[in-house]
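Hi everyone, and thanks for coming along. I'd like to walk you through a structure that may be new to you, so let's put it on the screen.

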Amino acid sequence: MITIKSKREIELLRVAGNIVYKTHQYLKPYLKPGITTQEIDDLADEFIRSEGAIPSCKGYQGFPAAICISVNDEVVHGIAGKRKLQDGDIVTLDICACYKGYHGDSAWSYSIGEISDEKKHLMEHTEKALFVGLEQVKPGNRIGDISSAIEDYAEANGLGVVKELCGHGVGSNLHEDPEVPNYGTPNTGPRLKEGMVIAIEPMLTAKSPDIEILDDDWTVVTEDGHPAAHFEHTIVVTADGYEILTGE
Ligand code: MF3
Ligand code: CO
């Protein structure tokens with residue numbers, strides 16, 4: 001069931017989204033060679049709580065860390081640990097926070113020092129793919145319009161679309177209906193209505209889109225070892241378009 005959020009709910013989702021945005025801004029300066037992913041996770045945990053929110057990922061289906069930190073060939077759901085960031089890495093922070101029962105969800109990929117041309121191309125066009133998807137958001141358009149726009153853009157730029165993972169509705173649950181795939185057919189799927197809140201999140205790969213899951217049962221990696229990137233915003237559908245809840 002796809003719910004339409006009330007004004008009061010949207011206000012709480014705006015606060016949650018803003019906390020997620022501020023957490024990204026807070027962490028950015030720490031993303032330097034030598035910091036461990038555990039140190040990043042601890043900083044995120046502390047910051048989110050200092051804002052009166054709770055890191056939604058912690059304990060979600062048993063997930064052990066405050067945020068998801070995925071490096072290079074890790075697509076999503078990387079778990080913090082002793083790994084140190086190195087020059088040339090790309091790192092995705094997928095941050096979810098719950099404020100007074102409502103969630104915000106945003107992922108962003110960052111480069112560490114000088115990165116390869118393959119990674120630059122991947123990062124630039126995965127971020128663009130998010131905004132190409134967002135352009136389709138207005139009442140009357142359908143989920144398939146978002147999905148196909150992302151897929152077409154990714155393919156035009158030679159990137160792989162991970163099919164097993166999707167965007168989703170957001171509200172008092174982190175994952176709600178509808179699913180928002182990053183591939184599909186225009187003019188299909190649920191119709192967008194004012195007051196729907198969804199997370200759009202292209203997860204694209206430099207080469208093959210095939211993935212596997214590591215022995216920790218969480219970390220999703222590319223099968224071919226090439227890098228992946230991930231950009232995500234939570235948005236609310238407005239009368240004539242959308243408002244980003246996890247942005248400036
Ligand atoms: N943003 C992630 C997602 O939508 C949140 C995952 S929480 C986790 O899948 F606990 F599953 F990691
Ligand atoms: Co999400």
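Before we start, one term: a residue is called buried when its relative accessible area is under 20%, exposed when it is over 50%, and partly exposed in between. Take Glu 39 as our trial case: its relative accessibility is 41%, which means that it counts as partly exposed. And please keep in mind throughout that this is a predicted model.

Let's stay with Glu 39 for a moment. You'll find Glu 39 in helix H2, which covers residues 37-50. Its side chain reaches back to the backbone nitrogen of Thr 36, at 2.9 Å. If you would like a feel for distances, look from Glu 39 across to Asp 210: the two are 171 residues apart in sequence, and their C-alpha atoms are 30 Å apart in space.

Now on to the metal. Which residues of the protein act as donors to the cobalt ion, ligand 2? They are Asp 105 through OD, His 168 through NE2, and Glu 201 and Glu 232 through OE, at 2.1 to 2.3 Å from the ion. Along the sequence these donors follow the spacing D-x62-H-x32-E-x30-E. Asp 105 sits in strand S5, residues 102-111, while Glu 232 is in the loop between strand S13 (228-230) and strand S14 (233-237), so this pair ties together parts that lie 127 residues apart in sequence. Are these two residues buried or exposed? Both Asp 105 and Glu 232 are buried.

Next, please turn to ligand 1. This ligand is surrounded by 13 residues, and the closest are Cys 57, Cys 68, Asp 94, Asp 105 and His 175. You have met Asp 105 already, as a cobalt donor. Here an N or O atom in the side chain of Asp 105 comes to 3.0 Å from a nitrogen atom of ligand 1. Another cobalt donor, His 168, has a side-chain N or O atom 3.2 Å from an oxygen atom of ligand 1. For His 77, a polar side-chain atom is found 3.2 Å from an oxygen atom of the ligand. How much of ligand 1 does the protein bury? On its own the ligand exposes 330 Å², and the protein buries 93% of that. The space that ligand 1 takes up is the largest pocket.

Let's go to helix H3, residues 117-134, where Leu 130 is found. Leu 130 has 0% relative accessibility, so it counts as buried. Its C-alpha atom is 6.0 Å from that of Pro 202, although the two residues are 72 apart along the chain. Thr 126 has its place in helix H3 too. With 0% relative accessibility, Thr 126 is buried as well. From Thr 126 we can look back to the cobalt donor Glu 232: these residues are 106 apart in sequence, with 9.8 Å from C-alpha to C-alpha.

A few backbone details deserve a stop. As background, most residues other than glycine have a negative phi, and most peptide bonds are trans. Where, then, is there a cis peptide bond? One joins Asp 177 and Pro 178, with omega at about 0°. Pro 178 belongs to strand S8, residues 176-180. Moving along, Asn 187 is not a glycine, yet its phi is positive, at about 60°. Asn 187 is in the loop between S8 and strand S9 (197-200). Asp 217 also has a positive phi, near 70°. You can spot Asp 217 in the loop between strand S11 (211-213) and strand S12 (220-222). Its relative accessibility is 63%, so Asp 217 counts as exposed.

Our last stop is helix H1, residues 7-27, where we find Glu 11. At 39% relative accessibility, Glu 11 counts as partly exposed. The side chains of Glu 11 and Arg 14 are joined by a polar contact of 2.7 Å. Lys 128 is another matter: its C-alpha atom is 27 Å from that of Glu 11, and the two residues are 117 apart along the chain.

That's the tour. Thank you for listening, and I'm happy to take questions.

Key. Residues numbered from 1 in each chain as written. Chains lettered and ligands numbered in written order. Predicted model: local features only at pLDDT ≥ 70, side-chain atom pairs only at ≥ 80, totals over all residues. Heavy atoms only, no water. Donors = N, O, S within 2.8 Å, 3.2 Å for Na, K, Ca; no water. Helix = DSSP H or I, 4+ residues; strand = E, 2+ residues; numbered from the N terminus. Buried < 20%, exposed > 50% of the residue type's maximum accessible area, 1.4 Å probe, protein only. Near = heavy atom within 4 Å. Polar contact = N/O pair within 3.5 Å; in protein donor to acceptor, adjacent residues only side chain to side chain. Areas by Shrake-Rupley, 256 points an atom, 1.4 Å probe, with all protein chains shown as cover. 1 Å grid on protein atoms, 1.4 Å probe; cavity = no way out; pocket = protein on both sides within 12 Å on 5 of 7 lines; lining within 4 Å. Sits in = over half its atoms within 2 Å of the grid points.
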